[in-house]
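Trainee: Could you go through this structure with me? I would like to learn the reasons behind the words people use.

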Amino acid sequence: MKKNKSENKKQDNIIQKIESIISEGFQGADIPLNSDKVTNAFGRPVLFSNSRDIATSIGTSSTGLRTAINLEDDELVNNIKFLSYAACQHLAMVIHNANCSHPFYNMASETGCAQLFASSSQEVIDFALISRRIAELSLIPTICASDILENNDQVIIPEDDFIHNYLGNPDEMIESPTASQRMIFGNNRRRIPIWFNLNFPSANGLKKDIESEGLQIAAKQEYFYAHLADLTNQAFNEFNELTGKQYSLIGAYQLENAEHVVLTQGSAFNKVKKVVDNLRSQGRKVGCVNLTVMRPFPEAELLKLLN
């Protein structure tokens, strides 16, 4: 589907607006050069960059700053190696893929990042927060994508108190959420770890031979990605408890007694729901499932719904 410039600009503006409240560093190609002297919800200055690669954001995140970047499709593809590096380094950063084309989004599934897909303008706002929570719990970068959104969508920006309550201060000490993190940090760690610290010099991500790289990938699967599904559910559940919303890894619509189910992702979900209502009015037993989270793939939840 062809995208027009007004739709593209709207999504970029929504993302920049919410990340200006959340982040300490935000990178995007279309950020005006005069975007300075902005403070976030925590009273901290926001560093803006309009670079087209994510090296700046990797550096910002490595120093313990809450970081996000907005990438178009071609930028996402061009930075696949950098995304894999960010995942390897366990950087708690968020990557927005605004105006997303699904094939490009799917290409990122091999980077090791978690992946969410918003289906409305409000979900772009809400998933920016949820993606942040997932990344900071799991120490796995999280991609938050969105495609064609309706221009008449109205969005509600969360209050600062809500952001404080849900996300917490970036430099406060938290309980290490998994056994593997306790092996690295002890019982407590900084919410956003400082991986590059001149006061505590250390090596992270040294070049390895093929055998060692294979062992590293296997170890990450056991020690980090095995926890990702639980931590993703935790982030959704905490958001739902605070807002009364009902977000989950999978969205379901009219599945009762459905004999045919349409699987969607992104804004198509809202369009297909109207088609489902129309077919239901004709006596057709049709339902719809929306894949909100791509990675970790919600296999158990999907099978449960379809059964």
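Mentor: Here we go from the whole chain to single residues. Keep in mind that this is a predicted model.

Trainee: How many helices and strands does the chain have?

Mentor: There are 12 helices and 12 strands in the chain.

Trainee: What makes the chain as compact as a globular protein of that length?

Mentor: We set its radius of gyration, 19 Å, against the globule rule, which gives 19 Å for 307 residues. The two values are close, so the chain is as compact as a globular protein of that length. As for its extent, the C-alpha trace spans about 70 × 45 × 35 Å along the principal axes.

Trainee: Of the 307 residues, what percentage count as buried?

Mentor: That share is 49%. The chain exposes about 15,100 Å², and carbon and sulfur atoms supply 53% of that area.

Trainee: Which contacts join residues at least 24 apart in sequence?

Mentor: Among contacts between residues at least 6 apart in sequence, 74% do so.

Trainee: Now to one helix. Which residues of H7 are buried?

Mentor: In H7, residues 160-167, the buried ones are Phe162, Ile163, Tyr166 and Leu167.

Trainee: Why are they said to be on the same side of H7?

Mentor: Look at the arc they cover around the axis: it is only 100 degrees, and therefore they sit on the same side of H7. On the other side of H7 you will find Asp161 and Asn165, which are exposed.

Trainee: What follows H7?

Mentor: Gly168 does, and its phi is positive, near 80 degrees.

Trainee: Let's try a single residue. Why is Gln181 called buried?

Mentor: The word applies under 20% relative accessible area. Gln181 has 1% relative accessibility, so it counts as buried. You can find Gln181 in helix H8, residues 179-185.

Trainee: Which residues does Gln181 touch, leaving out those up to four places away in sequence?

Mentor: Among them are Leu137, Ser138, Leu139, Arg189 and Phe224. Ser138 is 43 residues apart from Gln181 along the chain, and their C-alpha atoms are separated by 8.9 Å.

Trainee: How do you know that Ser62 is buried?

Mentor: Use the same cut-off, under 20%. The relative accessible area of Ser62 is 14%, so Ser62 is buried. Ser62 lies in helix H2, residues 55-62. Not counting residues up to four places away in sequence, Ser62 touches Leu91, Pro193, Ile194, Trp195 and Phe196.

Note on methods
Residues are numbered from 1 along each chain as its sequence is written. This is a predicted model: local features need pLDDT of at least 70, side-chain atom pairs count only at pLDDT 80 or more; totals for chains, interfaces and linings use all residues. Side-chain values use heavy atoms; hydrogens and water are left out. Helices (H or I, at least four residues) and strands (E, at least two) are DSSP runs, numbered from the N terminus. The radius of gyration is taken over C-alpha atoms; the globule rule is 2.2 Å times the number of residues to the power 0.38. Buried means under 20% relative accessible area, exposed over 50%, partly exposed in between (1.4 Å probe, protein chains only). Contact means heavy atoms within 4.5 Å. Accessible areas come from the Shrake-Rupley method with a 1.4 Å probe; for residues, only the protein chains shown count as cover. The arc is that of the directions from the helix axis to the C-beta atoms.
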